[in-house]
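Here are my notes on the model, point by point. Please read them with the structure open.

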Amino acid sequence: MRKSVKIRVPGTSANCGPGFDCLGVSCTIYNDLELTLLKEPTLEIQAEGEGADSIPTDERNLAWRSIQLLLHRVKADEEYRGAIIRMKNGVPLSRGLGSSAAAIVGALKAANVLLGNPFDRRGLLQIATEIEGHPDNVAPAIYGGFTVSLVHEGVPESFAFLPKLPLKLVIAVPDFHLSTKAARNALPEAVPMKDAVFNVGRAALLVAALAKGNVPFLRHAFDDALHQPYRAKLIPGMYDVFEAARNAGALGVAMSGAGPCIVAYTTNHAATVGDAMVEAFRRHDVSARALALDVDKRGAHIAKE
Ligand code: HSE
């Protein structure tokens, strides 16, 4: 008899300001992926929700390519040569909210469950990081909460923790796409030492202040000098949106991942911060919507029907 499983996986916001390619947080916006593995070489992929029109439904599909890699790793690719994949996507595509990480992690987790869990979460992190290229989105999608990640000699390590304060993530989602590739191409080969020092202090302070729930120390901890200044030209009005969020009461504000979404962190001003960000984008002729999300605490998990 064919077996299926449905996995719910959160969207994620990487970098969190100063933690370029290292920090990430999962948020309460989700993709559902239902997988049935087939012995016959048939591929049926359906997508609905965010970006459904632009998601490939053939061999190029990222979820299917991730499943194939996992099957290969456990030498099950001869036994299972096809799949039925049904996706319901709530995470906007190419906006800096971890849609590719969600596709990869949802697919890997589903295949892993159907094969009897040959990999633990660390094993899934390894495969997901190989596919994505860096761990900062896939780690929070797997573990939930905030994650601090690094890659040592090709092996990713990730430490997950929950913030000790009721943090809201207010995300301004502008009405245009930005590819991670284009945003990474905007970065320099090297950065000045003073900018590296600027970020090291803030990234360390950010993690400590979140873990302790220390609000005053968070006020400058989301700032960045390593990537945002070089990418600002790709997002019209980015620094005005930052300023609007801060003026409306945000503790800190940053590009979400490689953008173009902008994420403001706040404990109690979510609605006014969201409105202010949308209005600031509008002044630059960019239409945007605001999402007020919480930190997801679970990461990818089997969804109950
Ligand atoms: N750390 C990555 C970047 C996240 O900023 O390019 C996007 O995948």
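**Notes on the domains, their interface and the cores**

1. Start with Arg 184 and Asp 21. Their side chains form a salt bridge, with N and O 2.7 Å apart. This is a predicted model, and the distance should be read as such.

2. Next, the division of the chain. Domain 1 covers 4-161 + 296-302, and domain 2 covers 168-294. Domain 1 is thus written in two segments. The centres of domain 1 and domain 2, taken over C-alpha atoms, are 24 Å apart. To their contact, domain 1 gives 26 residues and domain 2 gives 38 residues.

3. How much area is buried between domain 1 and domain 2? The value is about 2,300 Å². Carbon and sulfur atoms give 63% of that area. On the domain 1 side, three residues stand out: Pro 18, Phe 20 and Arg 95 supply 30% of the area that domain 1 buries against domain 2. No other three residues supply more.

4. The interface also has polar links. Between domain 1 and domain 2, 15 residue pairs are in polar contact, counting pairs with both residues at pLDDT 80 or more. The rule finds 2 salt bridges across the interface of the two domains. Which strands build the domain 1 side? β1, β2 and β5 (146-152) each supply at least two residues of the side that touches domain 2. The largest share, 6 residues, comes from β2.

5. Now the cores. The largest nonpolar core has 38 residues. Leu 33, Leu 35, Ile 67, Ile 85 and Val 105 have the most contacts inside this core. At least two core residues come from each of β1 (4-14), β2 (23-38), α1 (62-73), β4 (82-89), α2 (99-114), α3 (121-132) and α4 (138-143). The largest share is that of α2, with 9 residues. A second, separate core holds 28 residues, including Cys 16, Leu 167, Ile 171 and Ala 254.

6. Look at Ile 85 in detail. Leaving out residues up to four places away in sequence, Ile 85 touches Leu 33, Glu 34, Leu 35, Glu 44, Ile 45, Gln 46, Trp 64 and Ile 67. Among these, Leu 33, Leu 35 and Ile 67 are also listed with the most contacts inside the largest core.

7. Last, Asp 223. This residue sits in the loop between α7 (215-218) and α8 (228-231). Asp 223 and Arg 246 are joined by a side-chain polar contact of 3.1 Å. Beyond four places away in sequence, Asp 223 touches Gly 17, Pro 18, Phe 198, Arg 202 and Arg 246. Pro 18 is also one of the three residues named in the buried area of domain 1.

Terms used. Residues are numbered from 1 along each chain as its sequence is written. This is a predicted model: local features need pLDDT of at least 70, side-chain atom pairs count only at pLDDT 80 or more; totals for chains, interfaces and linings use all residues. Side-chain values use heavy atoms; hydrogens and water are left out. A nonpolar core is a set of buried Ala, Val, Leu, Ile, Met, Phe, Trp, Tyr and Cys residues joined through side-chain atoms within 4.5 Å. Buried means under 20% relative accessible area, exposed over 50%, partly exposed in between (1.4 Å probe, protein chains only). Helices (H or I, at least four residues) and strands (E, at least two) are DSSP runs, numbered from the N terminus. Contact means heavy atoms within 4.5 Å. A polar contact is a pair of N or O atoms within 3.5 Å; within protein, one must be able to donate a hydrogen and the other to accept it, and residues adjacent in sequence count only if both atoms are side-chain atoms. Domain bounds come from an automatic or database domain assignment. Buried area is the accessible area (1.4 Å probe) that two parts lose on being put together, summed over both. A salt bridge is a side-chain nitrogen of Lys or Arg within 4 Å of a carboxyl oxygen of Asp or Glu.
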